[in-house]
Amino acid sequence: MGMKKILVLHGPNLNMLGRREPQVYGTWTLAEIDAALQQRAAELDLRLECRQSNHEGELVDWIQQAEGSVQGLLINPAAFTHYSYALREALAAVKIPAVEVHLSNIFAREPFRRQSVISPVVSGVICGLGLDSYLLGLEALARILERDGEES
Ligand code: DQA
């Protein structure tokens, strides 16, 4: 197959990282997060493409289009985590392993954040560790792909 490809999807308002509630989300910009992920991906022999959208339908389109060309999804659905059945069903419809990540600990915040409608359809979830949530999520995907490769 050649080098495996991971698609990183960032949901709404994550383009504002760095100046958006830094006490909650940290001071990393999205560009810095993507650069850190690219570096780790190179070490893991993975190809990485990072995208951000404020629009639910655009994220749904990207998930649908990923089938066939992408082997893993790393997704921070942001606020869509808590209510987007469209995003959940897009993830359920494609046969691509996905890991959900959050910068903040969604269980330590407002009650509405404790529910993720996305979690039931992904392989695993990592939250509360800031930039490390993304890096550990990427490593988890690498391990899932390695394990799947051994089985087939
Ligand atoms: C977030 C947590 C969500 O509750 C919130 O809506 C976000 C970011 C996180 O990364 O901590 O936008 O997904």
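**Close-up views of a predicted model**

The chain carries 14 positive and 19 negative side chains, with 3 Å between the centres of the two sets. The model shown in these views is predicted.

**View 1. The fold of the chain is built from five helices and five strands.** From start to end of the sequence, the elements follow the order β-α-α-β-α-β-α-β-β-α. The radius of gyration of the chain is 14 Å, close to the 15 Å that the globule rule gives for 152 residues, so the chain is as compact as a globular protein of that length. Along the principal axes, its C-alpha atoms fill a box of roughly 45 × 30 × 25 Å.

**View 2. Surface and interior of the chain are shown together.** Buried residues make up 47% of the 152 in the chain. The exposed area of the chain is about 7,600 Å², and 49% of this area comes from carbon and sulfur atoms. Among contacts in the chain with a separation of 6 or more, 78% are between residues 24 or more positions apart.

**View 3. The largest nonpolar core of the chain has 26 residues.** The members that touch the most others in this core are Ile-6, Leu-37, Leu-74, Tyr-134 and Leu-138. At least two core residues come from each of β1 (4–10), α2 (30–43), β2 (46–52), β4 (98–102) and α5 (131–151). Helix α5 gives the largest share, eight residues. Apart from this core lies another, of 20 residues, which includes Val-70, Phe-80, Ala-90 and Ala-98.

**View 4. Leu-138 is shown with the residues it touches.** Residues up to four places away in sequence are not counted here. Leu-138 touches Ile-6, Leu-37 and Leu-74, which are, like Leu-138, among the residues that touch the most other members of the largest nonpolar core. The other residues touched by Leu-138 are Arg-40, Ala-41, Leu-44, Leu-46 and Leu-48.

**View 5. Lys-5 is a residue of strand β1.** The relative accessibility of Lys-5 is 14%. Lys-5 counts as buried because this value is under the 20% cut-off. With neighbours within four places in sequence left aside, Lys-5 is in contact with Arg-47 and Glu-49. Its other contacts are with Ser-69, Val-70, Gln-71 and Gly-72. Of these, Val-70 is also one of the residues in the core of 20 residues.

Definitions and conventions:
Residues are numbered from 1 along each chain as its sequence is written. This is a predicted model: local features need pLDDT of at least 70, side-chain atom pairs count only at pLDDT 80 or more; totals for chains, interfaces and linings use all residues. Side-chain values use heavy atoms; hydrogens and water are left out. Helices (H or I, at least four residues) and strands (E, at least two) are DSSP runs, numbered from the N terminus. The radius of gyration is taken over C-alpha atoms; the globule rule is 2.2 Å times the number of residues to the power 0.38. Buried means under 20% relative accessible area, exposed over 50%, partly exposed in between (1.4 Å probe, protein chains only). Contact means heavy atoms within 4.5 Å. Accessible areas come from the Shrake-Rupley method with a 1.4 Å probe; for residues, only the protein chains shown count as cover. Lys and Arg count as positive and Asp and Glu as negative; His and the chain ends are not counted. The place of a charge is taken as NZ of Lys, CZ of Arg, CG of Asp or CD of Glu. A nonpolar core is a set of buried Ala, Val, Leu, Ile, Met, Phe, Trp, Tyr and Cys residues joined through side-chain atoms within 4.5 Å.
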